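User: I have a new model open and would like to learn how to read its packing. Could you walk me through it?

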Amino acid sequence: MMKNVPGTVLPWTDGLQKNAFAVLSPVLAVTKGLTLSQLKELTGLEGSTIQNWVKRGWVESPTGKRYTEQQIVRIVIINMLRNSMQLDRIIALMTYINGHVDDRSDDIIPDRELFSLLCSVVYEADRMHSTDRQVIASIIESHLRGYRGPNEQSKEKLERAVLCMVLGYLASEMKKQADAEYEQLFLQKGETK
């Protein structure tokens, strides 16, 4: 079962399966954004990593030393996927879905909705104990039923990119489990690795 909200250190609760972004909304409503140190606490990332992503143009620059909802969600999504995919591939997928980082007019889904969609699909796949591509594609399709994007290709693009992201995330989680099993194997036997 999921322990944390993907990309954060916040604990997962079953009430988040339809809208994982809801865990961040109250904090942002009160603070009008997060400072770098608060963002570090939320994600577990080093400040220099976040600043590097801003310098590379993967995340918009903060305004008045505060990161807005859009910037926070993008950082959380990148963090969610970085253990399973190369950073340039994550950014390519984000660009494939939502174009330029500083232009909302080319987005086919707001990043906050993309994040909630990713978390919902991961939650369902985890609940079903499935990493099967077809099962996950079916889950994505059911979540996007009724979705209307800005053009005819939007839904297909979104389905394919989300499938890639979810498979990557699940692969990373499985690798963590394999590493834990490996550690247990050798700790039980008292052997060195």
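Analyst: Happy to! Keep in mind that this is a predicted model. Let's begin with the cysteines.

User: How many disulfides does a search of the whole structure find?

Analyst: The general idea is to look at how far apart the sulfurs are: a disulfide needs two cysteine sulfur atoms within 2.5 Å. Here the search of the whole structure gives 0 disulfides. Cysteine 119 is in none, and the nearest cysteine sulfur, in cysteine 164, lies 16 Å away.

User: Why is cysteine 164 in no bond with cysteine 119?

Analyst: Because their sulfurs are 16 Å apart, which is too far for a bond, and cysteine 119 holds the closest cysteine sulfur to that of cysteine 164.

User: Are these two cysteines buried or exposed?

Analyst: Relative accessibility tells you, with buried meaning under 20%. Cysteine 119 is at 0% and therefore counts as buried. Cysteine 164 has a relative accessible area of 34%, so partly exposed is the right label for that residue.

User: Now the interior. Which residues have the most contacts inside the largest nonpolar core?

Analyst: For a core, ask who is in it and which elements supply it. The largest nonpolar core here has 56 residues, and Ile72, Leu114, Phe115 and Leu158 have the most contacts inside it. At least two residues come from each of α2, α3 (47–55), α4, α5 (87–98), α6 (111–127), α7 (133–143) and α8 (154–189). The top contributor is α6, with 9 residues.

User: What is phenylalanine 115 in contact with, beyond its neighbours in sequence?

Analyst: Setting aside neighbours within four places, phenylalanine 115 touches Val5, Pro6, Ala20, Phe21, Val73, Val76, Ile77 and Met80.

User: How do α4 and α6 pack?

Analyst: Read a helix pair by angle, axis distance, handedness and then residues. For α4 and α6, the angle is about 35 degrees and the axes are 9 Å apart, with a left-handed crossing. On the α4 side are Glu69, Gln70, Val73, Arg74, Val76, Ile77 and Met80, meeting Asp111, Arg112, Leu114, Phe115, Leu118 and Val122 of α6. That contact has 8 nonpolar, 1 polar and 4 charged residues.

User: And at what angle do α2 and α4 pack?

Analyst: Helix α2 (residues 36–43) and helix α4 (residues 69–81) pack at about 35 degrees, with axes 11 Å apart. Their crossing is right-handed. Leu39, Leu42 and Thr43 of α2 make the contact with Ile72, Ile75, Val76 and Asn79 of α4. By class, the residues there are 5 nonpolar, 2 polar and no charged.

Key: Residues are numbered from 1 along each chain as its sequence is written. This is a predicted model: local features need pLDDT of at least 70, side-chain atom pairs count only at pLDDT 80 or more; totals for chains, interfaces and linings use all residues. Side-chain values use heavy atoms; hydrogens and water are left out. Buried means under 20% relative accessible area, exposed over 50%, partly exposed in between (1.4 Å probe, protein chains only). Axes are lines fitted to C-alpha atoms, for helices over the stretch in contact, and angles run from 0 to 180 degrees between N-to-C directions. Helices (H or I, at least four residues) and strands (E, at least two) are DSSP runs, numbered from the N terminus. A crossing is left-handed if the near helix is turned anticlockwise from the far one by less than a right angle, and right-handed if clockwise. Contact means heavy atoms within 4.5 Å. Ala, Val, Leu, Ile, Met, Phe, Trp, Tyr, Cys and Pro count as nonpolar, Asp, Glu, Lys and Arg as charged, and the others, Gly among them, as polar. A nonpolar core is a set of buried Ala, Val, Leu, Ile, Met, Phe, Trp, Tyr and Cys residues joined through side-chain atoms within 4.5 Å.
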